Amino acid sequence: MKKNTFLILLTFCALLSSCNKKQAAIDELEAYSVELKENSSDYSNQEWEDANEQYLQLVEQIEQYEYTDEELKEIGKPFIVILNSVHP
């Protein structure tokens with residue numbers, strides 16, 4: 001009985017951790033889009049290169065998980081902000 005309870009608890013913790021990482025990727029994308037929206041008009045070429053690298057890393061993070069339709073809508077909002085950011 002203790003072994004079954006332990007396995008159930010371990011499985012629950014693994015699922016919870018996975019959900020937190022998945023949400024963290026969404027949260028990081030949101031923070032990134034806010035940063036671009038607020039500050040990108042003053043970016044130098046080097047800052048744009050750094051921002052692009054950060055963007056690619058965020059996309060890699062997000063692609064590691066499967067998302068519901070509702071989560072995909074949430075992810076899409078920061079992408080729209082990013083696409084609307086002005087790059088010289």
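**Exercise 1. Aromatic pairs**

Task: Find how many aromatic pairs this predicted model holds, then work out which geometry the pair of tyrosine 43 and tryptophan 48 has.

Solution:
- Step 1. Begin with the count: the structure holds 3 aromatic pairs.
- Step 2. Take the rings of tyrosine 43 and tryptophan 48, whose centres are 5.3 Å apart. Centres within 6.5 Å make a pair.
- Step 3. Now turn to the angle. The planes of tyrosine 43 and tryptophan 48 stand at 65°, and over 60 degrees counts as edge-to-face. The pair is therefore edge-to-face.
- Step 4. Try another pair in the same way: tyrosine 65 and tyrosine 67 lie 6.5 Å centre to centre, with 70° between the planes, and this pair is edge-to-face.

**Exercise 2. Buried or partly exposed?**

Task: Decide for tyrosine 43, tryptophan 48, tyrosine 65 and tyrosine 67 whether each is buried or partly exposed.

Solution:
- Step 1. Keep the cut-offs at hand: buried means under 20% relative accessible area, and partly exposed lies between that and over 50%, which is exposed.
- Step 2. Tyrosine 43 has a relative accessible area of 14%, so this residue is buried. Its ring partner tryptophan 48 has 9% and is buried.
- Step 3. In the other pair, tyrosine 67 is buried at 15%, whereas tyrosine 65, at 22%, counts as partly exposed.
- Step 4. For the chain as a whole, buried residues make up 23% of the 88 residues.

**Exercise 3. The nonpolar core**

Task: Which helix gives the most residues to the largest nonpolar core, and what does alanine 25 contact beyond its neighbours in sequence?

Solution:
- Step 1. List the elements. The protein chain has 3 helices and 0 strands, in the order α-α-α from the N terminus.
- Step 2. Look at the largest nonpolar core, which has 12 residues, among them Ala25, Leu29, Tyr43, Trp48, Ile62 and Tyr67.
- Step 3. Assign the contributions: α1 (2-39) and α2 (45-62) each supply at least two residues of this core. It is α1 that gives the most, with 5 residues.
- Step 4. Follow alanine 25. Setting aside neighbours within four places in sequence, alanine 25 is in contact with Gln61, Ile62 and Tyr67. Of these partners, Ile62 and Tyr67 belong to the core as well.
- Step 5. Widen the view to the chain: among contacts between residues at least 6 apart in sequence, 75% join residues at least 24 apart.

**Exercise 4. The surface**

Task: How much area does the protein chain expose, and what share do carbon and sulfur atoms supply?

Solution:
- Step 1. The exposed area of the protein chain is about 6800 Å².
- Step 2. Carbon and sulfur atoms supply 57% of that area.

Technical notes:
Residues numbered from 1 in each chain as written. Predicted model: local features only at pLDDT ≥ 70, side-chain atom pairs only at ≥ 80, totals over all residues. Heavy atoms only, no water. Core = buried A, V, L, I, M, F, W, Y, C linked by side-chain atoms within 4.5 Å. Buried < 20%, exposed > 50% of the residue type's maximum accessible area, 1.4 Å probe, protein only. Helix = DSSP H or I, 4+ residues; strand = E, 2+ residues; numbered from the N terminus. Contact = heavy atoms within 4.5 Å. Phe/Tyr/Trp six-rings, centres within 6.5 Å; stacked < 30°, edge-to-face > 60°. Areas by Shrake-Rupley, 256 points an atom, 1.4 Å probe, with all protein chains shown as cover.
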